[in-house]
Every structure is written in structure tokens, then in C-alpha cells.
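Colleague: Could you take one part of this model and go through it closely for me? I'd like to hear how it sits among its surroundings, in one go if you can.

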Amino acid sequence: MSRRKWIMETILLLLFILYIYTAGSKLINYNATVFQMNAQPFDNKYTPFLVLGIPIAEFIVAGMLIFKRTLLKGLWASLFLLTLFTGYIVLVKLNYYGTIPCSCGGVLKDLTWTKHLFFNLFFMGISIVGILLERRGLQSRQFNTMSLS
């Protein structure tokens, strides 16, 4: 297996596990997720949409990472979601909202906001590396196809 392929497979596996784990954790602990979401600085009328919408979006992104046809869009969607989540953490760290409890589930709920920020930045970074590797791979496959014609 080439180094590029090994790196790409590792990135996809890490992102897939991240999204399946976080989405599943939110749904398995549904009542706690609702409680935590209601503690966020958003109007509680958005809670039903966020509590179901976020895990659904995470499951969709995880699914997109499985198929070659949707892989690049899945990596971009991953970067988009992580950017939203990270932006929220930055606002919390800047005390924009005041003190906010983490609405994360599973092992992530035990992270401080700073650790969560670095956790997200890591996954944003590997999403970017995945995008670059996939784009490079697409370009080389297109070049090889054109040179065979």
C-alpha cells in the first residue's frame, strides 16, 4: 500500500469513527443531549432540530466518507461541520456567551473547552489533508486517463 493511500485510509477511518461515535452518543443519551442543548445559549425552540439534526448530519458525513463517488464532498462536509463546531468553541473561549456547559457526549464530555478546541483543530487538519490528497489523486487519475487515450 502506498504511503498516500495509507494516510488517506487512516484519515477516513478516524473521521468515520469520530462522526459515528459522536452521533451515536448523542442519540443513545438522547435525554441528556436534550438537557445539555437546552443549556446552550440558543433559544430552546431550536433544541428538537439541533438534537436530531446534528447527529443526522454526522451520520450523513460518515456515509459520504465511505463511497469514492462522495468522498471529496464528504471531506468538505467534515471540514464545514468541524469549522462550525470549532467556531462555537472559540466564541465560548472568548466568553462571548458566558459560561456554557459542553453538550458533547461520551468521552468528549470530559474534555475542557481548550482540549476540545485542539481536538477539533486536529480533525479539521486531517480533513484538510484528506481534501488535498483526494484532489491530488483525482488529478492524477484524470491525467492517467487522458494519457491512455
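Modeller: Let's take H3, which gives the most to the nonpolar patch, with 4 residues. Before going on, a word on ground rules: this is a predicted model, local features need pLDDT of at least 70, side-chain atom pairs count only at pLDDT 80 or more, and totals for chains, interfaces and linings use all residues. Residues are numbered from 1 along each chain as its sequence is written, and side-chain values use heavy atoms, with hydrogens and water left out.

The patch itself is made up of Ile20, Leu27, Tyr30, Leu52, Ile56, Phe59 and Ile60, and together they show about 580 Å² of accessible area. To join a patch, a residue needs over 30% relative accessible area and no salt bridge; nonpolar side chains (Val, Leu, Ile, Met, Phe, Trp, Tyr) are joined within 5 Å, like charges within 9 Å. The areas come from the Shrake-Rupley method with a 1.4 Å probe, and for residues only the protein chains shown count as cover. Helix H1 (3-28) and helix H3 (47-64) each supply at least two of the patch residues. Helices here are DSSP runs (H or I, at least four residues; strands are E, at least two), numbered from the N terminus. Phe59 is one of the residues in H3, and it is partly exposed at 33% relative accessible area. For that scale, buried is under 20%, exposed is over 50%, and partly exposed is in between (1.4 Å probe, protein chains only).

Now the helix as a whole. H3 has 18 residues and reaches 25 Å from first C-alpha to last, close to the 26 Å expected at 1.5 Å a residue; the expected span is 1.5 Å times one less than the number of residues. Its buried residues are Thr47, Val51, Ile54, Pro55, Glu58, Val61, Ala62 and Met64. An α-helix has 3.6 residues a turn, so residues three or four places apart point the same way. What covers the buried residues of H3 includes H1, helix H2 (30-38) and H4, where contact means heavy atoms within 4.5 Å.

Glu58 deserves a pause. Side chains of opposite charge can pair when their charged atoms come close. Glu58 forms a salt bridge with Lys26, the closest N and O atoms being 3.0 Å apart; the rule asks for a side-chain nitrogen of Lys or Arg within 4 Å of a carboxyl oxygen of Asp or Glu. Glu58 lies in H3 and Lys26 in H1, so the pair ties together parts that are 32 residues apart in sequence. Both Glu58 and Lys26 are buried.

That rule gives 3 salt bridges in total. Just past H3, Lys68 meets Glu134 in a salt bridge (3.3 Å, N to O). Lys68 lies in the loop between H3 and H4 and Glu134 in helix H5, so this pair ties together parts 66 residues apart in sequence. Glu134 is buried, with a relative accessible area of 2%. Over in H1, Glu9 pairs with Lys5 at 4.0 Å between the closest N and O atoms. Both lie in H1, 4 residues apart, about one turn of the helix. Glu9 is partly exposed at 40% relative accessibility, and Lys5 is partly exposed at 41%.

One more link around H1: Leu13, found in that helix, is 53 residues from Ile66 in sequence but 9.2 Å away in space, C-alpha to C-alpha. Leu13 counts as exposed, at 51% relative accessibility.

To put H3 in its setting, the protein comes to 5 helices and 0 strands, running α-α-α-α-α from the N terminus. Of its 149 residues, 37% count as buried. Among contacts with a separation of 6 or more, 72% are between residues 24 or more positions apart.
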